[in-house]
Amino acid sequence: MKLHEYQSKQIFARYGIPIPTGRVASTTAEVRQIAVELGKRVVVKSQVLVGGRGKAGGVKVANSPDEAEQAASKILGMNIKGLTVRKVLVDEAADIQHEIYLGVVINRAARRVTMMASAAGGMEIEEVARVSPEKIIKVLIDPFIGLRDYQTRQIAFTLGLKGDQIRDFGVIANGLYKAFLDCDASLAEINPLVITGEGKLLAVDGKIVTDDNASFRHQDLAAVRDVDEETSSEAEARRFGLSYIQLDGQIGCMVNGAGLAMTTMDIVKLFGGSPANFLDIGGGASADKVAAALRIILADPNVKAVLFNIFGGITRCDEVAKGIVQALGQVPTLVPMVVRLVGTNEEEGRAILAGAKMQTASTLVEAAQKAVAAAKGEEYVAPPPSPPVVYKPRKHRVAKPAAKKTVAKKTAKKATKPVKKAAKKPAKKTTRK
Ligand code: GDP
Ligand code: MN
């Protein structure tokens, strides 16, 4: 789950990270009121769960309550990368001298939590990594001994921090690491961590992404989940216990099992298509769950074909077929569908689907090819059968008499060689002795 900037910064503050004073508002009048209370230059910031709000015009500095109200009227209701701004954070504006990046992530390759920092803060770290990766400092954290002071000092020196800033940075880095652990986060980031005109450090932006697998340990965080900010598909998938990730291709995939889902996506790619999603309906999925999954897939306007790849183990093919028919009753669609059902009750499953207009396939290769063709609006053409293998006896070469001689000579030489060697070896050994 992604936390909003204001939520992340409230958590940071509990770990001793300095943040600007401010509050969240959802109307222009509230924004004005907060600006009056703060009595200073403020910054009005859209609270949407995407990065790059600044570039999109979703962050505005205001010199007076009037300006703050004006800024809010522009930002509230604004669409940033497909999300509507419903809330803004009104913070005391910071006097920014320099912007630093500081983040904690999981480095899978190193199997360590990693702290990353860069003096080139402000811009998105992915951009820094692409353009000038040498500007990113990385420190691997041993899970048993934690983040050590020498490590935070090393980062602080590399960032060019001086005097008290080095000590303050240590507090911030440790706070960020602790917050990351306590939230079961996959990312905790301050971008920018600002050096103010007075030389103080201040977390101006904040981002925390928590691991949903640990959400049962964080009822407090579950309460702040912003469902408005989730796509309706993600929310519905979560309600039905489906693992669903939307992608940007054209072929909707419904598969049971994460491994099989990955394989299906790979094979779709192999045959020139691109998957519209990752969707694992899980083992033993009921008809209701399958119907929900199909509704979610069909809600994506990019989907031009749907591929069902079901391996019936615990999952029963007839249940899946029932779910498909049920969903088609609820969401009539013209999107072509290809089904591959194999395993438990596959005959029953196929019989149920016989009435529905669907292409069937017996192998995954065939299913993927059919889905790719259907997504392009093409007819699937079965590859021509490979020609039968005919046994042709090898022609015997008729050796010429001249060639015969040389062959005989060569074989004769070869035959004598090993004998010669064998004779030499013991001789050598005796000379060495
Ligand atoms: P993001 O674009 O979504 O990452 O939003 P940020 O909160 O990081 O803001 C984007 C940029 O706006 C920052 O990098 C700053 O340059 C600027 N900004 C944000 N807050 C302030 C502030 O309080 N004062 C000033 N002067 N600029 C700010
Ligand atoms: Mn930022």
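Two helix axes count as roughly parallel under 35 degrees, roughly antiparallel over 145, roughly perpendicular from 65 to 115, and oblique for the rest. Keep that handy for the last stop. One thing before you start clicking: this is a predicted model.

**Stop 1: the domains.** Colour residues 1-19 and 96-229 together, as they make up domain 1. Give a second colour to 21-93, which is domain 2, and a third to 231-376, which is domain 3. Now look from domain 2 across to domain 3: their centres, taken over C-alpha atoms, are 43 Å apart.

**Stop 2: the manganese ion.** Select ligand 2 and show the side chains and backbone around it. Which protein donors does the manganese ion have? They are Asn191, through its O atom, and Asp205, through OD, at 2.2 to 2.3 Å from the ion. Asn191 belongs to strand 11 (185-196), while Asp205 sits in the loop between strand 12 (201-203) and strand 13 (207-210), so the pair ties together parts 14 residues apart in sequence. Switch on a surface and check the two residues: are they buried or exposed? Asn191 is buried, at 9% relative accessibility, and Asp205 is buried as well, at 18%.

**Stop 3: a helix pair.** Select helix 10 (287-298) and helix 11 (317-330). Their axes lie 7 Å apart and the helices pack at about 50 degrees, so by the cut-offs you started with they are oblique to each other. The crossing is right-handed. Show side chains to see who meets whom: the helix 10 side includes Val290, Ala291 and Leu294, and among the helix 11 residues they face as a group are Val320, Ile324 and Leu328.

Definitions and conventions: Residues numbered from 1 in each chain as written. Chains lettered and ligands numbered in written order. Predicted model: local features only at pLDDT ≥ 70, side-chain atom pairs only at ≥ 80, totals over all residues. Heavy atoms only, no water. Domains from an automatic or database assignment. Donors = N, O, S within 2.8 Å, 3.2 Å for Na, K, Ca; no water. Helix = DSSP H or I, 4+ residues; strand = E, 2+ residues; numbered from the N terminus. Buried < 20%, exposed > 50% of the residue type's maximum accessible area, 1.4 Å probe, protein only. Axes fitted to C-alpha atoms, helices over the stretch in contact; angles between N-to-C directions. Left-handed = near helix turned anticlockwise from the far one by under 90°. Contact = heavy atoms within 4.5 Å.
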